[in-house]
Amino acid sequence: MVHPNRGTYTSRYMKVLLSDDKQQAITSAAEKIAQYIAIDTWLFISGGSSYAVFEKLDSLLTTDQKQATRLLLVDERYGAEGHENSNWNLLKNSDMSDYASVYPLLDDTLSMQECAQEYDQTVQMVLETDAQTVAILGVGADSHIAGIKPMDQKIFDKVFLEKYVASYIGPDYQRITLTPQALVQLGMRICFVSGTDKVPVIASLAVDMPVYESPVHIIKDLDNTLIYSAT
């Protein structure tokens with residue numbers, strides 16, 4: 001056991017680093033990614049509180065590193081391009097001109113299912129290359145990770161099996177997200193978790209749970225996975 005606000009919990013593969021300093025946790029997560037990025041890297045970015053890690057990372061990367069990095073989204077809320085709840089809006093607030101390329105997900109000419117199918121082809125291409133792949137992920141108080149919400153097992157299997165990107169109508173948004181199959185194939189996963197309401201979620205990683213009930217457990221036994229948890 002570790003102090004609830006400081007220390008390290010390690011499973012066989014995954015590591016959880018606990019801190020009572022939110023800004024230091026953000027900086028540590030960003031520094032870890034900066035050390036990882038070399039030639040030809042695909043970086044998947046999440047919205048929510050974990051976007052602070054990308055903002056810090058953006059300030060740490062050299063121009064050469066940015067020119068070797070392609071940016072994509074981990075997940076998106078479906079709607080018209082630029083709608084008020086779109087994760088893409090966060091990237092629009094940053095200068096993307098130094099990066100090798102940036103891949104938006106929404107397309108006004110496509111349905112939600114068609115957007116997901118198009119993005120699935122992109123992610124498949126990414127995972128078939130020899131390039132480095134890393135994702136910045138957030139975790140919700142309901143144990144969701146990426147855009148993967150807890151749900152009935154039959155629905156979970158129908159939505160997420162045998163694809164890299166899936167779309168579905170969630171309890172809050174229409175969602176397009178990387179699937180468990182995509183998350184497990186990434187070279188590195190960096191999670192940032194903030195808030196006391198998420199402490200039980202992170203603590204639950206000490207035991208096994210079905211991923212349809214607790215999607216964060218998708219990453220429980222994955223190598224090169226670090227969770228920076230700040231309260």
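How many helices and strands does the protein chain have? There are 8 helices and 11 strands in the protein chain, and the model you're looking at is a predicted one.

**Figure 1. Here's the whole protein chain, with its 8 helices and 11 strands.** Along its principal axes, the C-alpha trace spans about 50 × 45 × 35 Å. A compact globule with 231 residues would have a radius of gyration near 17 Å, and the protein chain has 17 Å, so the two agree. Buried residues make up 51% of the 231 residues. As for contacts with a separation of 6 or more, 72% of them come from residues 24 or more positions apart.

**Figure 2. This view turns to the surface and the charges of the protein chain.** The accessible surface comes to about 10,700 Å². Carbon and sulfur atoms account for 47% of that surface. The protein chain carries 18 positive and 30 negative charges. Take the mean position of each set, and you'll find the two points 6 Å apart.

**Figure 3. Strand E4 (residues 69–73) takes the stage here, along with its partners E3 and E6.** Is E4 largely enclosed or largely open? Of its 5 residues, 4 are buried, so E4 is largely enclosed by the rest of the structure. Strand E3 (residues 41–45) runs parallel to E4, and 5 bridges join them. Strand E6 (residues 101–102) is parallel to E4 too, joined to it by 2 bridges. Leu71 is a handy residue to look for: it's the bridge partner of Leu43, and in E6 its own bridge partner is Val102. While you're looking at strands, keep a general point in mind: in a regular strand the side chains alternate between the two faces of the sheet.

**Figure 4. Now zoom in on Thr179, in the loop between strand E9 (174–178) and helix H7 (180–185).** Is Thr179 buried or exposed? Its relative accessibility is 0%, so Thr179 counts as buried. Which residues does Thr179 touch, leaving aside those up to four places away in sequence? They are Ile148, Phe160, Lys163, Tyr164, Val165 and Ala166.

**Figure 5. Two residues with a positive phi, Ser143 and Asn224, are shown in this pair of close-ups.** Ser143 has a phi near 80°, a positive value in a residue other than glycine. You'll find Ser143 in the loop between strand E7 (132–138) and helix H6 (153–160). With 7% relative accessibility, Ser143 falls under the 20% cut-off, so it counts as buried. For Asn224, phi is near 55°, again positive in a residue other than glycine. The loop that holds Asn224 lies between helix H8 (199–203) and strand E11 (225–230). Asn224 has 39% relative accessibility, so it counts as partly exposed.

**Figure 6. The last view picks out Thr129 and His217.** Look for Thr129 in the loop between helix H5 (112–128) and strand E7. How does Thr129 count, at 29% relative accessibility? That value makes Thr129 partly exposed, because the class covers everything between under 20% (buried) and over 50% (exposed). Thr129 and His217 are 88 residues apart along the chain. In space, 26 Å separates their C-alpha atoms.

Note on methods. Residues numbered from 1 in each chain as written. Predicted model: local features only at pLDDT ≥ 70, side-chain atom pairs only at ≥ 80, totals over all residues. Heavy atoms only, no water. Rg over C-alpha atoms; globule rule 2.2 N^0.38 Å. Buried < 20%, exposed > 50% of the residue type's maximum accessible area, 1.4 Å probe, protein only. Contact = heavy atoms within 4.5 Å. Areas by Shrake-Rupley, 256 points an atom, 1.4 Å probe, with all protein chains shown as cover. Lys, Arg positive; Asp, Glu negative; His and termini not counted. Charge placed at Lys NZ, Arg CZ, Asp CG, Glu CD. Pairing = 2+ DSSP bridges.
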